[in-house]
Amino acid sequence: MLSHHCRDCDADNVSRRQFLTAIGAAGAATILPGAAVRSQPASQPVDTHHHFYPPSYQQAWKEWEAARKIPAFPGVFDWTPARSVELMDKNGIRTAVVSLASTPGLWFDAGAEAAGKTARICQEFAAEMRRDYPGRFGVFAPLSMMNIDLTLKEIEYVFDVLKADGINLQTNYGDKWLGDPLYKPVLDELNRRKAVVFVHPLVAACCGRLAVGTFPAVIEVPHDTTRTVTSLLFSGSFARCRDIKWLFSHAGGTIPMMAGRIDAFYGH
């Protein structure tokens with residue numbers, strides 16, 4: 001997990017260099033606001049990369065893969081909240097903050113209306129998990145992101161009604177990465193709320209054929225984190241949204257390896 005508070009970023013070259021060279025990790029308990037998370041002793045790690053799969057989401061994923069003759073991804077269709085708790089107990093984890101996996105894309109190419117319905121189902125399911133297992137789960141709530149007005153209402157709902165610990169975004173939506181101007185109102189509202197934003201990658205529609213013989217997620221998932229981090233940097237989104245606390249999955253994708261190269265071209 002790459003954690004970065006964007007207060008350390010600015011639009012000028014010096015701040016770009018600070019961002020590109022300050023790749024590290026912050027303790028989840030210092031970032032997440034939820035009482036269940038912050039109360040954990042140092043000896044019990046908080047899992048901030050823990051996926052959940054509501055039944056209707058599982059079914060949509062299964063149908064999406066079957067239609068494309070894609071082999072089932074292990075651990076998805078036999079998942080239950082109880083199995084998550086068993087796994088947490090086995091590994092000494094008291095609390096996990098749940099989020100959706102992004103691949104093959106949260107909305108299965110079904111359009112904005114379906115995206116909103118799926119997001120609400122998943123938001124409610126995560127909140128139920130937290131109620132059913134007190135102290136065991138926090139919530140990174142997914143947003144639909146395809147209709148911006150609807151997405152802004154979702155932000156209000158998940159924070160003011162469901163009391164989510166943060167937001168769960170994927171690295172791109174329809175080959176628009178998070179620095180795209182379309183998402184400016186969403187990021188500005190998350191910044192106003194000083195939100196924690198967990199970002200999980202997926203295989204972008206543009207790039208699934210670039211896997212050179214591997215399962216597409218093997219190569220393209222880390223690369224897509226790099227694309228979205230770079231888009232946030234060069235769009236000025238990091239500089240503008242100083243109060244968002246970002247969590248990027250998988251140690252920041254290939255950003256740790258690419259930081260020096262990006263800095264060499266743009267950081268001087």
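This briefing covers confidence, overall fold, one long-range pair and two helix topics in a predicted model. The protein has 268 residues, and 51% of them count as buried (under 20% relative accessible area, with exposed over 50% and partly exposed in between; 1.4 Å probe, protein chains only). It holds 12 helices and seven strands (DSSP runs numbered from the N terminus: helices are H or I of at least four residues, strands E of at least two).

Residues are numbered from 1 along each chain as its sequence is written. Local features need pLDDT of at least 70 and side-chain atom pairs count only at pLDDT 80 or more, while totals for chains, interfaces and linings use all residues, and side-chain values use heavy atoms, without hydrogens and water.

**Confidence**
- The average pLDDT (the predictor's confidence in each residue, from 0 to 100) is 84, and 82% of the residues score at least 70.
- Residues 2-15 have pLDDT below 50, yet this stretch has 47 contacts (heavy atoms within 4.5 Å) beyond near neighbours in sequence.
- Residues 17-29 also fall below 50, with 30 such contacts in the model.

**Fold and cysteines**
- Of the contacts between residues at least 6 apart in sequence, 76% join residues at least 24 apart.
- The structure has zero disulfides (pairs of cysteine sulfur atoms within 2.5 Å).
- Cys 122 is buried, at 0% relative accessible area.
- Cys 241 is buried too, at 0%.

**Helix H6**
- H6 covers residues 112-132, which is 21 residues.
- The expected span (1.5 Å times one less than the number of residues) is 30 Å, and the end C-alpha atoms are 30 Å apart, so the two agree.
- Its buried residues include Ala 115, Ala 119, Cys 122, Phe 125, Ala 126 and Met 129.
- An α-helix has 3.6 residues a turn, so residues three or four places apart point the same way.
- The buried residues of H6 pack against helices H4 (55-67), H5 (81-90) and H7 (148-160), and against strands S3 (95-99) and S4 (137-142).

**Helices H9 and H12**
- The axes of H9 (residues 216-234) and H12 (residues 255-266) come within 11 Å and cross at roughly 35 degrees (lines fitted to C-alpha atoms over the stretch in contact; angles run from 0 to 180 degrees between N-to-C directions).
- On the H9 side, Thr 226, Val 229, Thr 230 and Phe 234 make the contact.
- On the H12 side, Ile 255, Met 258, Ile 262 and Tyr 266 make it.

**Ala 251**
- Ala 251 lies in helix H11 (residues 249-252).
- Ala 251 is partly exposed, at 39% relative accessible area.
- Ala 251 and Thr 225 are 26 residues apart in sequence and 9.5 Å apart in space, C-alpha to C-alpha.
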